[in-house]
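Visitor: Before we look at anything in detail, I would like to learn how to read a model feature by feature, with the general idea stated ahead of the particular case.

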Amino acid sequence: TTREPGGCCIADAIRAVLLNPEHKSMSPRTELLLYAAARAQHVEEVVRPALAAGKVVLCDRFSDATIAYQGEARGLDRRLIDTLNSVAAEGLAPDLTVLLDIPVEEGLRRALERNDQDEMREDRFEQESLRFHQRVREGYLKRVADENRFFVLDAAGTPSEVSSRIDRIVDPFLEAKGTS
């Protein structure tokens, strides 16, 4: 299991810059390039070696997040994002993406609650407008329409309930792949 941005030392350092609420003035292009840099390091150091060893990689976010956040919500050029994603991920794409879908207001409430429990403040995105977060959700849902590897999951309920729903999707997928 791993996450983006982050997952390894250099990518975690980039994550600290990206999510720091003091960096409100970060330009969308800078943000995009930092995400690409973090992804490139993460793929090189964590993802590729794990796949080469025959492991299943479960990642909290990947290139679709960049399309939704920097593309749909920030309005950056999709071709540029696709090019950077391809370079950074070395052509890797998920076999399955589980999109945890919830009303934007509830998702923000949960994120702010989670951030209140963390020592490090990683809430630069949570300070964005409600409209920004609605555009992010719309961006993800557009990805669902474009790609057949998505499964949209209702994320309402307790963590245990949501986890059970995820298991009901992921377990049969892994069994079919022969990797459970």
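Guide: What follows is a walk through the core, a helix, the aromatic rings, the cysteines and the backbone of this model, which is a predicted one.

Visitor: Let us begin with the interior: which residues of the largest nonpolar core touch the most other members?

Guide: In soluble globular proteins, nonpolar side chains tend to be buried together. Here the largest nonpolar core has 18 residues, and those that touch the most other members are L18, Y69, F125, F132, V136 and Y140. The elements contributing two or more residues to this core are α1 (9-19), α2 (28-52), α3 (63-73) and α6 (130-146). A second core, separate from this one and made up of seven residues, has L32, L76, I81 and A88 among its members.

Visitor: Taking F132 as an example, which residues does it touch once those up to four places away in sequence are not counted?

Guide: With those neighbours set aside, F132 touches Y69, A73, R74 and F125.

Visitor: How should I read the pattern of burial along a helix such as α1, and where do its buried residues fall when seen down the axis?

Guide: An α-helix has 3.6 residues a turn, so residues three or four places apart point the same way. In α1 the buried residues are A11, I14, R15, L18 and L19. Viewed down the helix axis they fall within an arc of 120°, so they line one face of α1. The partners against which these buried residues of α1 pack are β1 (2-3) and α2.

Visitor: Turning to the aromatic side chains, how many aromatic pairs does the structure hold?

Guide: A pair of aromatic rings is described by the distance of the centres and the angle of the planes. The structure holds five aromatic pairs, and ring pairs link Y35, Y69, F125, F132 and Y140 into a cluster. Rings may also lie beneath a charge: the charged end of R124 sits over the ring of F125, 4.7 Å from its centre, while that of R39 sits over the ring of F62 at 5.3 Å from the centre.

Visitor: Why are C8 and C59 not bonded to their closest cysteines?

Guide: The reasoning rests on the distance between sulfurs, for which the cut-off is 2.5 Å. The sulfur of C8 lies 7.5 Å from the closest cysteine sulfur, that of C9, which is too far for a bond. For C59 the closest cysteine sulfur is in C8, at 11 Å, again too far for a bond. The structure accordingly holds zero disulfides. As for their surroundings, C8 counts as buried at 6% relative accessibility, whereas C59, at 23%, counts as partly exposed.

Visitor: Is R143 buried or exposed, and which residues is it in contact with beyond four places in sequence?

Guide: R143, placed in helix α6, counts as buried because its relative accessibility is 6%. Leaving aside neighbours within four places, R143 is in contact with D64, I67, R78, R149 and F150. The C-alpha atoms of R143 and I67 are separated by 8.4 Å, although these residues are 76 apart along the chain.

Visitor: Finally, which residues does a cis peptide bond join, and where does R61, with its positive phi, lie?

Guide: Most residues other than glycine have a negative phi, and most peptide bonds are trans. A cis peptide bond joins E4 and P5, with omega about -15°, and P5 is in the loop between β1 and α1. R61 has a positive phi, near 80°, and lies in the loop between β2 (59-60) and α3. E90 likewise has a positive phi, near 50°, and its place is in the loop between α4 (78-89) and β3 (97-101).

Key
Residues numbered from 1 in each chain as written. Predicted model: local features only at pLDDT ≥ 70, side-chain atom pairs only at ≥ 80, totals over all residues. Heavy atoms only, no water. Core = buried A, V, L, I, M, F, W, Y, C linked by side-chain atoms within 4.5 Å. Buried < 20%, exposed > 50% of the residue type's maximum accessible area, 1.4 Å probe, protein only. Helix = DSSP H or I, 4+ residues; strand = E, 2+ residues; numbered from the N terminus. Contact = heavy atoms within 4.5 Å. Arc of directions from axis to C-beta. Phe/Tyr/Trp six-rings, centres within 6.5 Å; stacked < 30°, edge-to-face > 60°. Lys NZ or Arg CZ within 6 Å of the ring centre and 35° of its normal.
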